[in-house]
Structures are given as C-alpha cells and as structure tokens.
Amino acid sequence: MVVAVPQGAKLVLATHNKGKLAEFREILAQAIVDFDPASVISAADLQVPEPVEDGISFAANATIKANALAQATGLPAVADDSGLCVDVLGGAPGIFSARWCGHHGDDAANLQLLLDQLSDVKDPHRGANFTCAAVLVVPESADQKGRVVFEEHRMYGRLLHQSIGEGGFGYDPIFVPSQEDEPGGQGRTSAQMSAAEKNAISHRGQALRALAPQLAQLF
C-alpha cells in the first residue's frame, strides 16, 4: 500500500491519537529552529491502517509500525510502543497492557483486573514502571541513507490499591511516579497531573525527546 502525502510533509508519526501528535510537535518545536508543525503528519491524517503488532517486545512492535508507515509513505517515520511493567508480575502486563483483560482497549477492565491480581500485595512490593520504545525509520532514497534509530526509556513508580484522578488514560489512575512521591505523603497519580507535567517526566516524553536530535537532521 502506497499513499499520497501532503506537500511539505517531512515526517510521519505512527498514531491515530491527536494528543500524541500535538505532544510530538511540541517536542520538535523545542529542538528545531523555525519548526513548522504542518511538516509532521500522522497515520490518521493519511488514513493508513495500523499493522498487526505481533512482536514480543516494545521495540519490535514500534519497529513494525514505523517500517510499515515508512514503506507506505516514503517518509521518515516515528513510532512508539509502551506499557506498564509490574515488578511482582515479572514485568507483565508489558506488551499486553492494552489487552490485559482479554480484548483490546478496555481501560477500565484492564485496570480492574490488575488491581484484583495485586489485591494481596503490600505497598513495599507494588513497584512498577511504564516503558516506552520509540523508533525512527528513515527509508533509503536518493537524498538520504536509510537507517533505524531506537530509544527506550522508563518512568518508575508504584501502584495504589484504588484509582485516583480523572486525567490520563490506561493505568494512570493507580500509578504514582517516583518524582511525585514525597516522604510521608501520598503523591499524585499520573491521572492527577496536567498533560504538561506528565509529559515532562513520562516514558514517552523521554523517548521522543531523546530522538529529537536525530529528527532535527531531517529538517
């Protein structure tokens, strides 16, 4: 499948989430002088279907998405894959975070199942981290050499016994980032933080910012 891309587009992000696209453009604006937001488009803008993510790691799934989008558009493509890794579950749900309850995308059911599984786990053993793998795929062309650049980052924290907060998505209402934990205090969950606060410390924000110097070269 090959799709037509808008004139001026220089990079495509493998997402159908408008919030992710806006966040990505903000990160690039901080790294690139005179950055034009319109030069970065998304898979949703081009109506490119999502490929089957059958990798066994975050990096593998991110690479599948970036490769598929680069091949379909001929543009450099960025994709990420992320999930929650719980210490006492040996890193699960991990790559199955979005479908932990048995089907994809039911945040409430995923979260409730995890809480039930951890119901007897005491506070000192409720450590977890959000992991994000971000991949840049630059296709071979007359103007540039093909390459793949990979970054993986984590946001560490702990899990509560109940949901707190209305923001975010997924497991955010039960995850307290380490940066938010104060001695003797509850600490805010990711769902209680503003989008800007969360992006500043999040696994995804770290990974995409780490790619920014490579991405700046494309502009």
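Which residues are linked with Lys20 in a network of salt bridges? The partners are Asp80 and Arg204. The model is a predicted one.

**Charged pairs**

Side chains of opposite charge can pair when their charged atoms come close. In this model, the count of salt bridges is 8. Three of them are listed here with the distance between nitrogen and oxygen.

| Salt bridge | N to O distance |
|---|---|
| Glu152 and Arg154 | 2.8 Å |
| Arg188 and Glu180 | 2.8 Å |
| Arg188 and Glu197 | 3.2 Å |

**Arg188 and its partners**

Arg188 pairs with Glu180. Arg188 also meets Glu197 in a salt bridge. How exposed are these residues? Arg188 has a relative accessibility of 28%, so Arg188 counts as partly exposed. Glu197 is partly exposed too, at 34%. Glu180 is another matter. Its relative accessibility is 16%. Buried means under 20%, so Glu180 counts as buried. Arg188 therefore bridges to one buried residue, Glu180, and to one partly exposed residue, Glu197.

**Glu152 and Arg154**

Now take the pair of Glu152 and Arg154. Their closest N and O atoms lie 2.8 Å apart. Is each side buried or exposed, or in between? Glu152 has a relative accessible area of 29%, which makes Glu152 partly exposed. Arg154 stands at 35% and is partly exposed as well.

**Back to the network**

Salt bridges can also join up. Lys20, Asp80 and Arg204 show this, as salt bridges link them in a network.

Methods. Residues numbered from 1 in each chain as written. Predicted model: local features only at pLDDT ≥ 70, side-chain atom pairs only at ≥ 80, totals over all residues. Heavy atoms only, no water. Salt bridge = Lys/Arg side-chain N within 4 Å of Asp/Glu carboxyl O. Buried < 20%, exposed > 50% of the residue type's maximum accessible area, 1.4 Å probe, protein only.
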